[in-house]
Amino acid sequence: MAQYDFDLFSIGAGSGGVRASRMSASYGARVAVAEERYLGGTCVNVGCIPKKLLVYASGFAEEFEAAAGFGWSVGERTFDWARLLENKDREIARLNAVYARLLDEAGVQRLEGRARIVDPHTVEIGGRSFTAANLLVATGGWPTLPKIPGIEHAISSNEAFHLKELPRRVVVVGGGYIAVEFAGIFNGLGSRTTELYRGELFLRGFDDDVRRTLADEMRKKGIDLRFGADIARIEKRGGVLRARLDDGAELEAEQILYAIGRAPNIAGLGLEQVGVALDGAGAVVVDAYMRTSVPSIWAIGDVTNRLNLTPVAIHEGMAIAATLFAGRPTAPDHSDVPTAVFSQPPVGTVGLTESAARERFGALDVYRTSFRSLRNTLTGSEEKTLMKLVVDRASQRVVGAHMVGPEAGEIIQGIAIAVKCHATKAMFDATLGIHPTAAEEFVTMRTPVATS
Ligand SMILES: Cc1cc2nc3c(=O)[nH]c(=O)nc-3n(C[C@H](O)[C@H](O)[C@H](O)COP(=O)(O)OP(=O)(O)OC[C@H]3O[C@@H](n4cnc5c(N)ncnc54)[C@H](O)[C@@H]3O)c2cc1C
């Protein structure tokens, strides 16, 4: 390998690239990582972390209301968007520095700038060329926008994290988790919020009960949620945006945020020239070990457009390091990956939806409960919590667990261990609850609601 400058050259220092680089270096490899924008990638800078901070911020309005039911009087409330963003940016700058330190301490050479692949072993960055035995494409994704008149007036999630002012009115377009989360953030912070999705029901791929429950709850919180709706054109008059919808209706807003999907970030990377195969969506095609069609080039994370989540990119980063430098060929495990939507209320899910399980296993036992939480008996809130277990009737294995309600992500993380261990419904039943919690419902559901 000494014929090359490095054993591994990672393009992109996001969730996947950083982990692959650090782990590879820990196995003794000589590693470089190139980053053109921000250390830590999407998740740290314009994704999971700032998003969750904004979700926290947006939850306080309801908390103040709820406090009254418990005897508290909350005085006059004001909200300072600029202060929130300043605090958020300070935390992100701290995290950027942590990432720099972790890479430096691991002995990974950091290079700033946009990298381009020149040949199967050579990368060019800022006019300099580097060679490596293995190249790793870990360039993530980038928001897509539709080609409609006036789209230049709209923003993506990238800009939403840096708005000068909180919009008085906002239209969020999209039906994926990012759109849903931003609708909740803006609504909670006091913006009059409309969410448009062109399909019949948002959160495609999630369990139908979850999708319907969340839609009901978001509407209860005042979000104008419209399905089967899309924007045909946008105009700007004065400081106000006017969206004309496909059905002729008009909406006015200070901001229009598109969160309709993300495309693999491959522009100008030189992949096609060196013969790396891409799929129809521009994602890098990889085998089970994340090797591309060019043997010395590998790819992980969102650029492969499989399960676009930070823990998955990290897991793939560790797998590739083990494969290349620890003598342990490791294929990532994409089964039973738990995930959350930080909507309000949040969603947590692991395993198969009812419909996917029905397709895979045929006969199921489905357990479902919907209730008002103990806390809400005093807050006056009508919010409902939904919990659902999908059980393969033949094996009695719990193959899916789904929740909409407070702390759903935290609760499902624990349930995910049981699902990953192939726990049966009898094992759930044998587990005692923690009383009084909402989570105990997951071990006390006894009667199937729907059978097939
Ligand atoms: C708004 C939002 C919210 C999200 N929330 C969550 C969440 O709650 N939970 C979760 O698990 N996931 C979440 N995600 C998804 C998560 O951020 C991604 O799955 C994760 O960041 C993917 O990691 P990655 O390493 O593949 O790419 P990234 O983290 O995107 O890193 C890629 C890096 O490569 C750099 N780069 C690209 N091209 C080049 C080049 N040519 N040269 C040099 N550098 C380059 C980029 O600047 C970037 O820093 C969210 C995403 C968004 C947009």
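Two strands pair if DSSP finds at least two bridges between them. The model discussed here is predicted.

Q: Which strand does β6 join through 3 bridges?
A: Pairing needs at least two bridges. β6 has 3 bridges to its partner, and the two strands run parallel. In that partner, Ala299 is the bridge partner of Val137. The strand is β16, residues 297-299.

Q: Which residue in β6 stands opposite Ile11?
A: Strand β1 covers residues 6-11. β1 and β6 run parallel, joined by 5 bridges. Opposite Ile11 in β6 stands Val137.

Q: Do β5 and β6 pair in the parallel or the antiparallel sense?
A: Strand β5 spans residues 122-125 and shares 4 bridges with β6. Thr122 stands opposite Thr131 in β6. The hairpin of β5 and β6 has 2 residues between the strands, and Gly126 takes a positive phi near 55 degrees. The sense is antiparallel.

Q: Why is strand β6 largely enclosed by the rest of the structure?
A: A residue counts as buried under 20% relative accessible area. β6 runs over residues 128-137, which makes 10 residues. The strand is largely enclosed because the number of its residues that are buried is 7 of the 10.

Q: Which element gives the most to the lining of the second largest pocket?
A: This pocket holds about 1200 Å³ of space. Of its 46 lining residues, the closest to the centre are Glu62, Glu63, Arg375, Glu383 and Pro406. Elements that each supply at least two lining residues include α6 (177-189) and β19 (364-372). The top contributor, with 11 residues, is α3.

Key: Residues are numbered from 1 along each chain as its sequence is written. This is a predicted model: local features need pLDDT of at least 70, side-chain atom pairs count only at pLDDT 80 or more; totals for chains, interfaces and linings use all residues. Side-chain values use heavy atoms; hydrogens and water are left out. On a 1 Å grid over the protein atoms alone, a cavity is a set of points where a 1.4 Å probe fits but cannot get out, and a pocket is an open set with protein on both sides within 12 Å along at least five of seven lines; lining residues have an atom within 4 Å of a point. Grid points are joined across faces, edges and corners, and a volume is the space filled by probe spheres set on the points. Buried means under 20% relative accessible area, exposed over 50%, partly exposed in between (1.4 Å probe, protein chains only).
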